[in-house]
There are 2 protein chains.
Amino acid sequence: MIKVELISCSMKKEIKKFNIYSRIETFFKKVGLNPENGDVLALSGKYLAISEGRFYKLEDVVPTDEAYELAKANDGDPRIAELVLRESEAVMPSFAGIFMASVKGMLQPNAGIDKSNIKEGYVVLYPQDPNASARKIRLFVLDRYGVKVGVVVTDSRIYPTRKGTTGIAIGYSGILPIVDERGSKDLFGKKLKVTKRAIADQLATMVQPIMGESNESRPIVLIRGLSEYVVDGDVEAELSVSYEEDIYFAAIKNYLQGKFYPKKQVRAKDNARKALYQGL
Amino acid sequence: MIKVELISCSMKKEIKKFNIYSRIETFFKKVGLNPENGDVLALSGKYLAISEGRFYKLEDVVPTDEAYELAKANDGDPRIAELVLRESEAVMPSFAGIFMASVKGMLQPNAGIDKSNIKEGYVVLYPQDPNASARKIRLFVLDRYGVKVGVVVTDSRIYPTRKGTTGIAIGYSGILPIVDERGSKDLFGKKLKVTKRAIADQLATMVQPIMGESNESRPIVLIRGLSEYVVDGDVEAELSVSYEEDIYFAAIKNYLQGKFYPKKQVRAKDNARKALYQGL
């Protein structure tokens, strides 16, 4: 038998910069236990960002001309466009005011910038350097409690053609972010050819039913029992793939070009598809 | 304090149709407990599919002309193309032999068809009707143990521009598949405007670090402590969005059209981009 435990508690809401380390101590006091070797500590990226003072009063943001242009392409807010441009390598307008941004090579709507769970009129960005923050928290736990834990910083994400959000790791330390199963064997001894498991993202998602999204205020979750994914130190890994290697980009390009089967469905759906690829 | 437990154990590998209900009884005997009201039972979609005999010997599959055409567009196997066409509403070729298929409105590479963890030369499809199977399992648990549990059927998925797989629910019963937070209040009493939480997918992902992908053989995981998402009966919900309403399709279309900021990066990346949208 294998058993994994997820443990959390309510924390007070934060309205200005605060000391994340003291809150982690508070967390362990409130749940009534100490961290152990092999635990993973999952932290809400937004909570961490607020601790770092990474929020803006929206009316203080002065958009550049390029931000105005981007916002116009998309019916969006030029001040959000400005922040998204600052926070990402590249942005493409989507619709309904959403800017699809590439952050460290990964698509994320609005570069993770969010208006919820912060004071009215403010927005929260991602933490400055989530991997560095995760590392500092890992080292704090080692120093304060003498144990080696993994740390994962979480955010929400949306899957194409699917309603609702699941989780993503925007930062991590002391864990295996990805496990490459290529070469390992399946139940029948056959070598697996393509499977990689996004462990960091799985850990970030597994705490979401507990963290919630609205006023649950459980920004820290302890994961106990998955020490096989906890490592001593940091594992550098490239977690993104380029647009050119992405199976969705290639498929959507083919869709827009009319390479779509069964062909009789193409005909039935042609008007909707033509409206999408008009002008290409 | 809130505590959630994930409990599992190894099960024997299966090479032909089997009785899923007797395996569920075996599971509870092996982990040494009985299900309780509010538990969620997560089952590997592949395990369930094998129990239903939903596998094919690849050499027995006779491709149609359209399957040959689809396979050619993509350097793929015509027999896989044939099965993907049978299993999905629509297919677009991606690359490297991957067919991006729409299954119940949701994009899934190769319609979930997989060669791993089955006999050499065979492929496993999705279960025939995963929601119906989930419901039958829920009713079996009610009948056999007298308790109301939720059931979720899991598979792996890939997020755009990201390496590695996380989880998705391909079927469910007795749970809230999605929680719409629109109208609920954040920590500051502001109404949330857009957030929906894909609870079924979160539950499907949270068991993945335990289930594994290769030879762990833990196809059943019990989730205890999340009874807030368990309901008595079935909740019908539309979990997919159309391509026309999807924020990725719109953004990728804009990318292919050159609507991409900051503009100086567009110039630097123009060759790669042009190669992608050639012919559009």
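**View 1. Strand 2 of chain A pairs with strand 12 of chain A in the antiparallel sense.** This predicted model shows four bridges between strand 2 and strand 12 (residues 220-224) of chain A. Strands pair if DSSP finds at least two bridges between them. Strands are DSSP runs (E, at least two residues), numbered from the N terminus. Val40(A) stands opposite Ile223(A) in strand 12 of chain A.

**View 2. Strand 8 of chain A is a parallel partner of strand 2 of chain A.** Five bridges join strand 2 to strand 8 (residues 150-158) of chain A. Opposite Ser44(A) stands Thr154(A) of strand 8 of chain A.

**View 3. Strand 2 of chain A (residues 40-44) is largely enclosed by the rest of the structure, because five of its five residues are buried.** Buried means under 20% relative accessible area (1.4 Å probe, protein chains only). Val40(A), Ala42(A) and Ser44(A) point one way from strand 2 of chain A. Leu41(A) and Leu43(A) point the other way.

**View 4. Chains A and B are related as by a two-fold rotation axis.** A turn of 180 degrees and a shift of 0.0 Å along the axis lay chain B on chain A with an RMSD of 0.0 Å. The two-fold relation of the copies follows, therefore, from this superposition. In chain B, the C-alpha nearest the axis belongs to Met206(B), 2.0 Å from it. Superposition is by least squares on C-alpha atoms of residues with pLDDT of at least 70 in both copies.

**Notes.** Residues are numbered from 1 along each chain as its sequence is written, and chains are lettered from A in the order in which they are written. Local features need pLDDT of at least 70, while side-chain atom pairs count only at pLDDT 80 or more and totals for chains, interfaces and linings use all residues; side-chain values use heavy atoms, without hydrogens and water.

Terms used. Buried < 20%, exposed > 50% of the residue type's maximum accessible area, 1.4 Å probe, protein only.
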